[in-house]
Amino acid sequence: MEQMLGAFQSDLSSISSEIRTLQEQSGAMNIRLRNRQAVRGRLGELVDGLVVPSALVTAILEAPVTEPRFLEQLQELDAKAAAVREQEARGTAACADVRGVLDRLRVKAVTKIREFILQKIYSFRKPMTNYQIPQTALLKYRFFYQFLLGNERATAKEIQDEYVETLGKVYLSYSRSYLGRLMKVQYPFEALFRSQHYALLDNSCREYLFICEFFVVSGPAAHDLFHAVMGRTLGMTLKHLADYLSDCYDAIAVFLCIHIVLRFRNIAAKRDVPALDRYWEQVLALLWPRFELILEMNVQSVRSTDPQRLGGLDTRPHYITRRYAEFSSALVSINQTFPNERTLQLLGQLQVEVENFVLRVAAEFSSRKEQLVFLINNYDMMLGVLMERAADDSKEVEGFQQLLNARTQEFIEELLSPPFGGLVAFVKEAEALIERGQAERLRGEEARVTQLIRGFGSSWKSSVESLSQDVMRSFTNFRNGTSIIQGALTQLIQLYHRFHRVLSQPQLRALPARAELINIHHLMVELKKHKPNF
């Protein structure tokens, strides 16, 4: 039994050793299997990347570049060329087997792409019915240029240079032709300027975005390439503008052009096209100084105007003030969109000179009443024109409103003075005596008061009628005339009411003529009948 058990133990030890050996062999086989699978995967990828399928060869050699399969296989060729370059850098010997095939296919693809793109570029030279160059049609073939960049940079540079040269000439020719046709049209200059620059803006935005996408550039490179194409066109446009402005004295047209540029600059910014920023600054550098010069010339012209050389004068609004009102209101309304402090300063100077001019002309009239009529007519006209376009709280509107109110009040006093001057003088004197505590001195005024009561009662109706007719003849704006008559009648009622209060003092209360006083409410009812209806 001991011998049998020993043999059995020996056999078990042998089996255990064999099992360990089998386990070691199995582990080694698993490692070899995994290594071979990894090698096969990588080798398969390498082979797949290096093998050139017949479909690729056929498409590159035979298919037109406009067919979808040419583009698909061109992308495959680009990927294989990149893979071969990567493997060559790692020292893969198998690359030599496909390098020749890929080089021949690359040369063929480059040749076909070059001919196709150059033909497209040359087609832009043909006359077109509208001012739009269809270069965006090339965008669906933008991978062609990307392929050239990665595989034949010399050809890519040739195509870019040819594009710049051709499109630069085409844009210049089209712009020059379009500008020539525009300048033959009888529009105001600002309308021609807008049409010209809207076309320039539209084409420039389209061109910049095309350059960025097709030629795969951005930032300063895109800016430089854009100006290589559009530089001559922009220069020609600037020169034409400078030539026109040298003999331009239309301040409104120039100011409108400034605001057109400001609007177009915002549009370019919204379209994310910064390449025109410098051009807009150059245009504004031409427009602003000319606009300021014209405004300063207008200021100087008004300042140096001699009223005595203007011929016959009347109290109606002067043509110079009308021109100023229309001119100023136009500039003020335009300036509200993009407010400019320098413009407001120049308009303020012009307004001061116009106010001084109006005063100089008014001084030519002999009577104060005529002077006031002239001032009121001119202030009212300028205020009316300004309020049509400018904001109610603008400095120009506020300034002329204050002047109109002051002169209107003075005119009403001047208007009431002839028929009711004695009443006005007595009321002021009596109120001053009462205020100083000297009302007793009114006892010596019975005769004067009696004369005033009877004089007013007998003549106020005819005086008011004459006053109304005088106002209607004097003022060109019927609404303003109505306001002045209403103001005069209101002031007359207030004057007579004050007269009543003076006569209610103890010193004059027993005056017999008080019985002849007209009742205030009756007077108000009667005066309403004289309210003019224009």
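Buried means under 20% relative accessible area, exposed over 50%, and partly exposed in between. With that scale in hand, let us walk through this structure, which is a predicted model.

## Salt bridges

A good place to begin is with the charged side chains. The model holds 25 salt bridges, and three of these pairs are set out below.

| Pair | Closest N to O distance |
|---|---|
| Asp202 and Arg206 | 3.1 Å |
| Glu281 and Arg265 | 2.8 Å |
| Arg342 and Glu296 | 3.0 Å |

Take the pair Asp202 and Arg206. Both residues belong to helix H7 (residues 189-214), where four residues, about one turn of the helix, separate them. Is Arg206 buried or exposed? Its relative accessibility is 18%, so Arg206 counts as buried.

Glu281 and Arg265 also form a salt bridge, at 2.8 Å from N to O. This pair links distant parts of the chain, with Glu281 in helix H10 (residues 277-303) and Arg265 in helix H9 (residues 251-270), 16 residues apart. Glu281 has a relative accessibility of 43% and therefore counts as partly exposed. Arg265, at 26%, is likewise classed as partly exposed.

Helix H10 appears again in the third pair, as Arg342 forms a salt bridge with Glu296 at 3.0 Å between the closest N and O atoms. Arg342 sits in helix H12 (residues 341-362) and Glu296 in helix H10, so this bridge ties together parts that lie 46 residues apart in sequence. Arg342 has 29% relative accessibility, so it is counted as partly exposed. Glu296 has 36%, which means that it too counts as partly exposed.

Salt bridges can also be joined up: Asp103, Arg106 and Glu152 are linked in a network of them.

## The nonpolar core

In soluble globular proteins, nonpolar side chains tend to be buried together. Here the largest nonpolar core has 149 residues, and Leu287 and Phe499 are the members that touch the most others in it. Which helix gives this core its largest share? That is helix H14 (residues 395-435), with 13 residues.

The surroundings of Leu287 are easy to trace in the model. Leaving out residues up to four places away in sequence, Leu287 touches Phe193, Leu241, Leu245, Val254, Cys257, Ile258 and Val261.

Leu415 is a residue of helix H14. Its relative accessibility is 7%, so Leu415 counts as buried. Beyond its neighbours up to four places away in sequence, Leu415 has contacts with Lys369, Leu467, Asp470, Val471 and Ala488. Ser333 stands 82 residues from Leu415 along the chain, and 37 Å separate their C-alpha atoms.

## Helices H5 and H6

Two packed helices are described by the angle between their axes and the distance between the axes. For helix H5 (residues 142-151) and helix H6 (residues 153-182), the axes come within 6 Å and cross at roughly 135°. Because of that angle, H5 is oblique to H6. On the H5 side the contact is made by Tyr145, Leu148, Leu149 and Asn151, and on the H6 side by Arg153, Thr155, Ala156, Ile159 and Gln160. The residues of this contact divide into five nonpolar, three polar and one charged.

Thr155 of helix H6 deserves a second look. Is Thr155 buried or exposed? With 10% relative accessibility, Thr155 is counted as buried. Besides residues up to four places away in sequence, Thr155 touches Val110, Arg114 and Leu148.

## Residues in the loops

Three loop residues complete the tour. Pro317 lies in the loop between H10 and helix H11 (319-335). Setting aside neighbours within four places in sequence, Pro317 is in contact with Asn377, Asn378, Met381 and Thr476. Pro317 and Val373 are 56 residues apart in sequence, with 9.6 Å between their C-alpha atoms.

Val216 belongs to the loop between H7 and helix H8 (219-245). Its phi is near 55°, a positive value in a residue other than glycine. At 49% relative accessibility, Val216 counts as partly exposed.

Asp272, in the loop between H9 and H10, has a positive phi of about 60° although it is not a glycine. Its relative accessible area is 57%, so Asp272 is exposed.

Conventions:
Residues numbered from 1 in each chain as written. Predicted model: local features only at pLDDT ≥ 70, side-chain atom pairs only at ≥ 80, totals over all residues. Heavy atoms only, no water. Salt bridge = Lys/Arg side-chain N within 4 Å of Asp/Glu carboxyl O. Helix = DSSP H or I, 4+ residues; strand = E, 2+ residues; numbered from the N terminus. Buried < 20%, exposed > 50% of the residue type's maximum accessible area, 1.4 Å probe, protein only. Core = buried A, V, L, I, M, F, W, Y, C linked by side-chain atoms within 4.5 Å. Contact = heavy atoms within 4.5 Å. Axes fitted to C-alpha atoms, helices over the stretch in contact; angles between N-to-C directions. Parallel < 35°, antiparallel > 145°, perpendicular 65-115°, else oblique. Nonpolar A, V, L, I, M, F, W, Y, C, P; charged D, E, K, R; others polar.
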